[in-house]
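Here's a quick briefing on the salt bridges in this one. Have a look at the model first, then read on.

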Amino acid sequence: MLRHYAIVPAAGSGSRFGGETPKQYQALAGRPLIYYSLAALCRCQRIERVWVVLSPDDRWWRQHDWTSLGHKLETVFCGGSSRSASVANALSAAATAVDDDDWVLVHDAARPCLSQANLTTLCDELADDPVGGLLAVPLADTLKRADEHLRVARTESRDGLWQAQTPQMFRYGLLTRVLAEHADGTDEASAVEAAGFRPRLVRGDASNFKVTYPADLLLAELILKGRVEP
Ligand code: C5P
């Protein structure tokens, strides 16, 4: 039986969000935003350990109490200059605990509304997959290409387009190899694609959105408060 591990890169500054405090530590229903992303992974029975990747000069993590997340959580202060560098550093830190064929789920710190249902679907649908994959949703909105004056240059077809979410789930060995060679993508799947593989899209839902702007916190709070989970 293959084991499942999780990595949460949380060493970014959240520049689009603005403000002094990094996005992952913004308050959401009385706790830091990242708490909920970590809690979703720690609560999942099949995940054995959750590594949260922090910046070496992070000064916010220690200001909060994380004990209620339990024994699965482990902090590594080895964040890099990009998301993929942070993930690659965490993979190195995990090397002694994880086998090449074990699954690693990489999840954004800023997706606090990941449901147990979506997490279970991801693990179930990819259980026998030779490559791995990611949660994603088909694009719902019409897409406009902007010109330099912010006028519509053209309408793009949305046929076959999906929005990538996280977790993104790949085997430890594969993920380590592809990130070493293709470190310029904005998610793990793009590194896997650049290495010639075709990750599987597993349908999630829009509630697992990434908190990016201050107004997103209210939406996240409404989703979390309206949810009843086992
Ligand atoms: O900037 P973006 O929202 O795409 O970041 C996605 C995730 O990657 C966030 O959880 C962020 O904290 C993390 N990240 C990181 N190290 C960086 C940049 C981003 O761990 N250098």
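What follows is a short run through the charged pairs, grouped by where they sit.

Bear in mind that this is a predicted model. The count comes to 12 salt bridges, and a few of them are picked out below.

**Arg3 and its two partners**
- Arg3 pairs up with Asp99, with 3.4 Å between the closest N and O atoms.
- That pair reaches across the chain: Asp99 is in the loop between helix H2 (83–93) and strand E6 (103–106), while Arg3 is in the segment before strand E1 (4–9), 96 residues apart.
- Arg3 also forms a salt bridge with Asp102, and here the closest N and O atoms are 3.0 Å apart.
- Since Arg3 lies in the segment before E1 and Asp102 in the loop between H2 and E6, this pair ties together parts that are 99 residues apart in sequence.
- How buried or exposed are these residues? Asp99 is partly exposed at 46% relative accessibility, Arg3 is partly exposed at 25%, and Asp102 is buried at 3%.

**A strand-to-strand pair**
- Glu156 and Arg145 make a salt bridge, their closest N and O atoms being 2.8 Å apart.
- Glu156 belongs to strand E9 (residues 152–156) and Arg145 to strand E8 (residues 143–146), 11 residues apart.
- Glu156 is partly exposed, with a relative accessible area of 23%, and Arg145 is partly exposed too, at 43%.

**A shared network**
- Arg83, Asp108, Arg111 and Glu188 are joined into one network by salt bridges that share partners.

How values were computed:
Residues numbered from 1 in each chain as written. Predicted model: local features only at pLDDT ≥ 70, side-chain atom pairs only at ≥ 80, totals over all residues. Heavy atoms only, no water. Salt bridge = Lys/Arg side-chain N within 4 Å of Asp/Glu carboxyl O. Helix = DSSP H or I, 4+ residues; strand = E, 2+ residues; numbered from the N terminus. Buried < 20%, exposed > 50% of the residue type's maximum accessible area, 1.4 Å probe, protein only.
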